[in-house]
Amino acid sequence: METKVLNITCINCPVGCRMNVTVEGDNVVDIKDYACPRGVKYAKQEAVAPLRMVTAVTKVEGSDIPLSIKTAEPIPKNKISDCMIAIRCLALSSPIKAGEVVLANVCDTGVDIIATKSV
Amino acid sequence: MEYDIIVVGAGVVGCSLARELSMYNTNVAVIDKAYDVCDGSSKANSGIVHAGYDAEWGSSKAKYNVEGARLYPSLCAELNVPYKRCGALVVGFSDDDKETLKRLYNQGIKNGVKELSLIDGEEARKLEPNLNKKVTCALNVPTSAIISPYELTYALADHAAVNGVKFYLETELLDAQFVDGLWHLKTNKGEFTAKAFVNCSGVNAAKINRLISRKSYQIIPRRGEYYLLDRLIPLPFERTIFQTPGRMGKGVLVSPTVHGNTFLGPSSNDIEDGSDTSTTVDVLNFVFDKARLTWPEATMRNVITTFAGNRAHEDHGDFVIGRVEDAPKAYQALGIESPGLTAAPAIAVELKNLIVEDMQLDKKDNILPAPHRNKPFIDMTDEERAEAAKKDPAYGKIVCRCEQVTEAEIRAAINRPVGARSIDAVKRRARPGSGRCQGGFCSTRVMEILAEELKISELEVTKSGGESKILTGRIEDVEGGCPIC
Amino acid sequence: MLEKHVDILIIGGGPAGLAAAIGAKEQGVDDILVIEREDSLGGILGQCIHNGFGLHRFKVEMTGPEYAQMDIDKVRELGIPTLCDTMVLSVDENRRVVAINKEQGLMVFNAGAVILAMGCRERPFGALGIAGTRCSGIFSAGTAQKYVNLMGFIPGKKVFILGSGDIGLIMARRMTLQGSEVLGVAEIMPYSSGLNRNIVQCLDDYGIPLYLKHTVIEVRGKERLEGVTIAEVDDMRKPIPGTEKHFDCDTLLLSVGLIPENELSQGANVEMSNTTSGPIVDDEFQTSKAGIFACGNVLHVHDLVDFVSDESMKAGKAAANFINKKTKKGTIINMLDGKGVRGVVPQKLKIPVDGEDAENVQVMFRPDKVYENARVKVYNGDNEIYSVKKRILAPGEMADIILKKDIIQNLQNAPIRVDIES
């Protein structure tokens with residue numbers, strides 16, 4: 001099985017530990033250079049299945065201002081660009097309420113895209 | 001397009017002349033290759049109405065300087081633009097400087113400048129307490145004044161326009177031929193014909209002159225770089241402070257502006273390209289060091305912007321004003337560098353007189369006054385503000401918070417006779433974006449108002465014409481279509 | 001002109017103004033007015049569509065518009081009057097406030113107390129003295145953010161960013177996701193002033209290089225920006241010849257610092273701090289002028305809106321106490337920046353007099369550089385009154401300590417100094 005050493009910067013606090021994370025396939029086998037347990041937890045996720053929130057705006061028919069939207073949960077990092085394309089293809093019309101789902105199950109991630117304000 | 005007179009160059013000289021001619025029964029057009037009037041030397045200079053001690057006695061510079069300075073107060077009043085007689089000190093640091101100041105004093109007296117006096121360092125500091133302790137002598141020039149060079153030029157253009165002068169911008173003169181008693185002027189926007197032709201084209205004047213005359217002039221663009229300081233700091237000096245002049249001009253000044261800012265500058269460097277108004281680090285550092293000689297307390301902390309402007313220095317160092325010797329019905333104002341702004345009204349009168357004489361023009365019966373301009377909101381009292389907002393609710397919307405410019409004033413700037421068509425053009429006419437945030441907050445709104453008033457898309461709005469667009473697209477534009485749907 | 005009385009007038013309807021209004025109302029004052037210059041409440045949060053707000057205050061992560069809505073809803077629920085699209089033109093030391101809008105025209109308020117909550121603005125390009133032309137395509141990051149997120153426009157296609165403050169980093173990602181190419185970010189300091197999280201998620205995720213110890217030395221372009229030149233800087237922040245790199249780009253975004261917006265405060269002759277560029281306040285956020293309070297980014301630039309809200313809630317309560325004549329009466333002592341410390345807020349503290357209850361005081365400041373495993377020590381005169389170990393202190397993150405009420409109760413009449421000892 002392939003072994004990789006990843007360099008991951010912890011994002012939990014200003015220290016920003018630069019951790020060396022050894023991965024075999026989908027398993028984290030070793031984490032070095034961390035200062036606290038939060039780093040370990042972050043590194044385990046980040047090394048094998050990094051997740052990101054996506055936020056964006058989209059045009060809404062009937063509204064002068066764009067609608068701000070977000071993924072209701074973080075989605076896999078490698079789905080961000082597909083997610084942005086899906087967002088650009090949205091054709092919405094007002095009124096839309098904050099919290100309303102504007103796109104369900106974006107890119108088969110199981111995560112909805114919701115409005116973060118009302119227009 | 002047929003006109004009686006075509007003026008090339010919409011700077012302060014061209015617009016002054018156009019305004020003078022607009023009072024006669026004749027058909028006048030001004031052409032300029034720039035996107036806006038007042039886009040060359042007239043836009044970025046020190047804005048000083050020089051008293052006239054500096055120019056050599058007997059020179060054209062001295063003659064037009066003194067006469068121009070005399071015309072300014074009534075001209076500014078008539079056009080309703082700011083003019084402030086703040087006075088000036090020329091300060092010296094050595095015995096050599098003292099000798100030079102004496103020479104300037106005598107020259108000033110000879111040129112007819114009033115109220116001049118030589119004072120010592122201590123007296124100078126009594127007038128201006130922030131002056132360097134090392135100042136040992138000064139020439140006190142109470143008649144020196146400050147104006148806003150672009151507000152003046154816009155007002156001149158507006159007044160000319162209401163009296164019938166046509167302005168053709170983005171119109172570059174490519175060739176000029178005198179055929180059968182008419183000037184045929186080839187431009188990028190088609191051919192113009194005119195009975196008379198006037199060259200007031202600043203740094204391009206030598207080039208234009210070559211189209212019509214065998215007599216060759218050499219104009220060297222001389223760049224000046226400036227710092228502008230926030231008007232929130234108390235003015236360090238109430239007067240314009242010059243240092244004793246050297247070979248390259250009047251040196252670095254520290255001066256108030258009519259809007260309550262302080263500026264430091266200009267430098268003086270000969271350059272190749274007259275349209276290149278880049279700033280440079282070395283020169284800006286030089287300006288700052290020089291300014292500190294006048295004002296040791298100067299700090300970068302209050303700088304809100306830096307800029308550069310180019311002056312049209314003619315090789316022989318004097319103005320060339322009058323008829324073009326070897327071309328019929330052609331006139332020129334060449335080499336109009338400092339004190340060109342001061343001299344402009346007098347140069348315009350001189351050229352107008354020659355043209356009126358040659359063309360036998362009659363004065364119009366019905367000359368319209370300069371268009372009325374409301375007092376700027378920032379200068380109004382609370383009572384006046386209440387009144388203005390009652391009459392026009394757009395006075396109740398402050399768009400530029402730093403300079404307190406209202407929506408009403410921005411719309412008015414766009415709808416003036418020679419109106420603003422770009423963000424910078426609005427900025428120079430009504431001041432949004434001239435303050436400490438430099439448009440960070442208001443430029444988005446100014447852009448929208450421009451799009452509305454000019455009935456164009458926001459994507460077409462420019463900073464200063466041409467390709468200087470602000471935006472490149474909309475969020476919904478998907479290049480190449482969507483690969484998913 | 002009609003003159004109206006209002007107990008508490010709050011200038012600014014952003015996070016600071018809204019929290020101050022909630023704080024004042026909850027402390028028992030009903031006659032409040034919030035004046036906001038934009039057409040909606042919420043301030044800059046409206047354009048901060050990204051995630052990461054609210055973790056401290058609400059224990060959940062929200063986007064800017066969502067965070068703002070929490071306070072807007074609360075203000076509505078409490079029935080606090082607000083006036084949008086209205087600009088305050090002046091405030092004087094007697095708390096006479098002049099404002100104007102399109103509907104009502106000019107208005108004059110005589111306020112029992114005024115809370116300054118105007119926020120901050122971005123340092124503009126012009127102030128940096130960068131050489132070159134004055135072409136289009138140069139924006140402060142916040143202006144670009146407004147174009148994209150509130151107006152739906154793209155300000156440029158090929159982007160370089162100067163300054164690695166959080167807004168710059170956020171905009172690097174935003175522009176990338178919107179289809180523009182971000183060529184790099186230059187930071188004059190040897191470290192970024194942005195959060196690690198933003199460096200990872202806004203730059204590293206998209207392979208955008210961060211050039212530390214670099215700055216833009218020249219911009220080129222006749223009409224629209226055509227390129228920038230960056231260079232490495234030495235320890236004195238001077239560009240090193242021979243290290244220049246050129247980038248062809250049509251857009252330069254600037255994230256080079258925020259400046260509290262205190263023109264109105266200065267008009268009221270409020271005493272100002274040169275370090276924070278905000279008013280000098282005591283532990284009740286009262287400025288040198290009685291009844292004029294300040295909070296949020298107008299007081300000192302924060303990194304997290306959660307802390308703006310906390311601080312402003314306290315300022316609102318203090319303003320309400322002022323209206324109810326419950327302002328503390330104690331002896332005032334100064335709080336000073338000591339070794340390694342910049343911009344202590346509050347700058348003044350009241351030693352409680354007999355019968356007054358002491359309260360905990362939060363002291364905020366920025367370290368002058370990065371410290372690891374340092375100690376923050378607080379002295380009252382020569383006496384060390386408090387000491388705490390900090391794992392990490394960085395200029396990009398505001399630090400705070402809490403002086404407990406028993407410490408406050410026992411203060412001597414001598415200045416307080418905050419030191420960092422490494």
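Which residue of β12(C) does B:R474 stand opposite? Look at the place where chain B and chain C meet, and you'll find that the partner of B:R474 is C:F153. Keep in mind that this is a predicted model. The two residues belong to a pair of antiparallel strands: β23 of chain B, covering residues 473–474, is joined by two bridges to β12 of chain C, covering residues 153–154.

Now step back and take in the whole meeting of these two chains. Chain B brings 54 residues to the contact, and chain C brings 50 residues. Put together, they bury about 4,100 Å², with carbon and sulfur atoms accounting for 55% of that. And here C:F153 turns up again: along with C:K102 and C:R134, C:F153 supplies 15% of the area that chain C buries against chain B, more than any other three residues.

What about charges and polar groups? There are six salt bridges between chain C and chain B. One to look for is the link between C:E261 and B:R401, whose side chains come together with 2.8 Å from N to O. The two chains also share 23 residue pairs in polar contact, counting pairs with both residues at pLDDT 80 or more. If you sort the residues on chain C's side of this interface by class, you get 20 nonpolar, 15 polar and 15 charged.

Next, swing over to the other side of the story, where chain A touches chain C. Here 24 residues of chain A are in contact with 25 residues of chain C. The area buried between chain A and chain C is about 2,200 Å², and 57% of it lies on carbon and sulfur atoms. Three residues are worth picking out on chain A: A:I11, A:P14 and A:T55 give 25% of what chain A buries against chain C, more than any other three residues.

Chain A and chain C are linked by three salt bridges. In one of them, C:D205 pairs with A:R52, and their closest N and O atoms are 2.4 Å apart. Polar contacts between chain A and chain C come to four residue pairs, again with both residues at pLDDT 80 or more. To find your way around chain A's side, follow β5 (55–58), β7 (67–71) and α2 (80–88), the elements that each give two or more residues to it. By class, chain A's side holds 14 nonpolar, five polar and five charged residues.

Finally, let's go inside chain B. The domain assignment splits chain B into domain 1 (2–42 + 150–218 + 317–359), domain 2 (81–149 + 220–311) and domain 3 (377–475). Take domain 1 and domain 2 of chain B: their C-alpha centres lie 30 Å apart. Where they touch, 14 residues of domain 1 are in contact with 13 residues of domain 2. They bury about 1,100 Å² between them, 59% of it from carbon and sulfur atoms.

How many salt bridges cross the interface of domain 1 and domain 2 of chain B? The count there is zero. There are, however, six residue pairs in polar contact between these two domains, both residues being at pLDDT 80 or more. On the domain 1 side, helix α5 of chain B (residues 149–162) provides the largest share, with five residues. Sorted by class, that side of domain 1 has seven nonpolar, five polar and two charged residues.

Conventions
Residues numbered from 1 in each chain as written. Chains lettered and ligands numbered in written order. Predicted model: local features only at pLDDT ≥ 70, side-chain atom pairs only at ≥ 80, totals over all residues. Heavy atoms only, no water. Contact = heavy atoms within 4.5 Å. Buried area = accessible area lost by both parts, 1.4 Å probe. Salt bridge = Lys/Arg side-chain N within 4 Å of Asp/Glu carboxyl O. Polar contact = N/O pair within 3.5 Å; in protein donor to acceptor, adjacent residues only side chain to side chain. Nonpolar A, V, L, I, M, F, W, Y, C, P; charged D, E, K, R; others polar. Pairing = 2+ DSSP bridges. Helix = DSSP H or I, 4+ residues; strand = E, 2+ residues; numbered from the N terminus. Domains from an automatic or database assignment.
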